[in-house]
Amino acid sequence: MARILPTAVVFDVGNVLVDWNVRAFYAPPIPDPARLDWFLAEVVTPAWHFQHDAGRPFAETSAELIARFPAEAELIRQYGPRFNETVPGAIPGMIELVEQLAAACVPLFAITNFSHEFWPPFRAEWPVFDHFTDIIVSGEERLTKPDAAIYQLALRRFGLGRGEAIFIDDRADNVTAAVANGFVGHLFTGHELLAAELARLGLLAQ
């Protein structure tokens, strides 16, 4: 039986297409490195943020966090309304790569762990997503990577069969889960290696 080659590309968003950098956002108001380390390890943590990706509203999560850390209330309150400032720019080469794929009429999709509240204002600032046929946002679906269900939903909604799309993510656990659920996987470590892999698969011109 002939091997199926992917004909579509499915991207993660944060740290693949755009730089997500909470430390850079909080560094100006917290100039002491030791205090910043503490704040990001104990207050605004990845686990706290992940609740938004899973669909919890910022009003709830911030109120709970402020109750635990009342002295940090003002810094916590800034996180939601200023979330776009945690994304300082694009990952080098990636916007151009998406545009090259779009110009070649390669179907483009995304699966992103992202708050349903933070996504619309973020999306409005990034016209590159106009090239995407569909984007699954975890907070809207109440499903998060690396849960198998979000990949199965993606195949159904994107109209893809097993092996028909390459999934690109910067986290190994997300890539492993994608491969287990019907995608070709690529662990993102930079534009050049990804471009070479897409060229090898015939999705991008050499």
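This report describes a predicted model, taking in turn its sheet, the helices packed on that sheet, the nonpolar cores, the largest pocket and some backbone details.

## The sheet

Five strands, placed in the order 5-4-1-6-7, make up an open sheet in which the pairing is parallel. Strand 5 (134–137) and strand 7 (184–187) stand at the edges and have a single partner strand each, so one side of each is left without a neighbour in the sheet. Neighbouring strands of this sheet are turned against each other by 20° on average, with direction ignored.

At one edge, strand 4 (residues 108–112) pairs with strand 5 in the parallel sense over four bridges, and valine 137 of strand 5 is the bridge partner of threonine 112. Four bridges also join strand 1 to strand 6, and these two strands run parallel; here valine 10 has phenylalanine 167, in strand 6, as its bridge partner. Strand 6 pairs in turn with strand 7, again in the parallel sense and over four bridges, and in that pairing the bridge partner of phenylalanine 167 is glycine 185 of strand 7. Phenylalanine 167 is thus a residue that can be followed in both directions, to valine 10 and to glycine 185.

Five of the five residues of strand 6 are buried, so this strand is largely enclosed by the rest of the structure. Ala165, Phe167 and Asp169 point one way from strand 6, whereas Ile166 and Ile168 point the other way, and all are buried.

## Helices 9 and 11

Helix 9 (residues 148–158) lies across strand 1 (8–11), strand 4, strand 5 and strand 6 (165–169), and it runs at about 155° to strand 5. Within helix 9, the residues Ile150, Tyr151, Leu153, Ala154, Leu155 and Phe158 are buried. The buried residues of this helix pack against strand 1, strand 4, strand 5 and strand 6, and also against helix 8 (138–141) and helix 10 (172–180). Glycine 159, which has a positive phi near 70°, follows helix 9.

In helix 11 (residues 191–200), the buried residues are Leu194, Ala195, Glu197, Leu198 and Ala199, and the packing partners of the buried residues of this helix are strand 1, helix 6, strand 6 and strand 7. Glycine 202 follows helix 11, and its phi is positive, near 80°.

## Nonpolar cores

In soluble globular proteins, nonpolar side chains tend to be buried together. In this model the largest nonpolar core has 54 residues, and those with the most contacts inside it are Val9, Phe11, Tyr26, Leu101 and Phe129. Helix 6 (residues 94–103) gives the most to this core, with five residues.

Apart from the largest core lies another core, of 17 residues, among them Ala8, Ile136, Phe158 and Phe167. As for valine 9, when residues up to four places away in sequence are not counted, this residue touches Leu101, Val106, Pro107, Leu108, Phe109, Ile166, Ile168, Leu198 and Leu203.

## The largest pocket

The largest pocket holds about 560 Å³ of space. Of the 26 residues that line this pocket, the closest to its centre are Asn15, Trp20, His49, Asp53 and Asn113. Helix 1 (22–26) and helix 3 (46–53) each supply at least two residues of the lining, and the largest share, four residues, comes from helix 3.

Asparagine 15, one of the residues closest to the centre of the pocket, is placed in the loop between strand 1 and strand 2 (18–19). Asparagine 15 has a positive phi of about 70° although it is not a glycine, and at 26% relative accessibility it counts as partly exposed.

## Other backbone details

Cysteine 105 likewise has a positive phi, of about 65°, although it is not a glycine. This cysteine lies in the loop between helix 6 and strand 4, where cysteine 105 is exposed, with a relative accessible area of 67%.

A cis peptide bond, with omega near 10°, leads from lysine 145 to proline 146. Proline 146 lies in the loop between helix 8 and helix 9.

How values were computed. Residues numbered from 1 in each chain as written. Heavy atoms only, no water. Pairing = 2+ DSSP bridges. Axes fitted to C-alpha atoms, helices over the stretch in contact; angles between N-to-C directions. Contact = heavy atoms within 4.5 Å. Core = buried A, V, L, I, M, F, W, Y, C linked by side-chain atoms within 4.5 Å. Buried < 20%, exposed > 50% of the residue type's maximum accessible area, 1.4 Å probe, protein only. 1 Å grid on protein atoms, 1.4 Å probe; cavity = no way out; pocket = protein on both sides within 12 Å on 5 of 7 lines; lining within 4 Å. Points joined across faces, edges and corners; volume = space filled by probe spheres on them.
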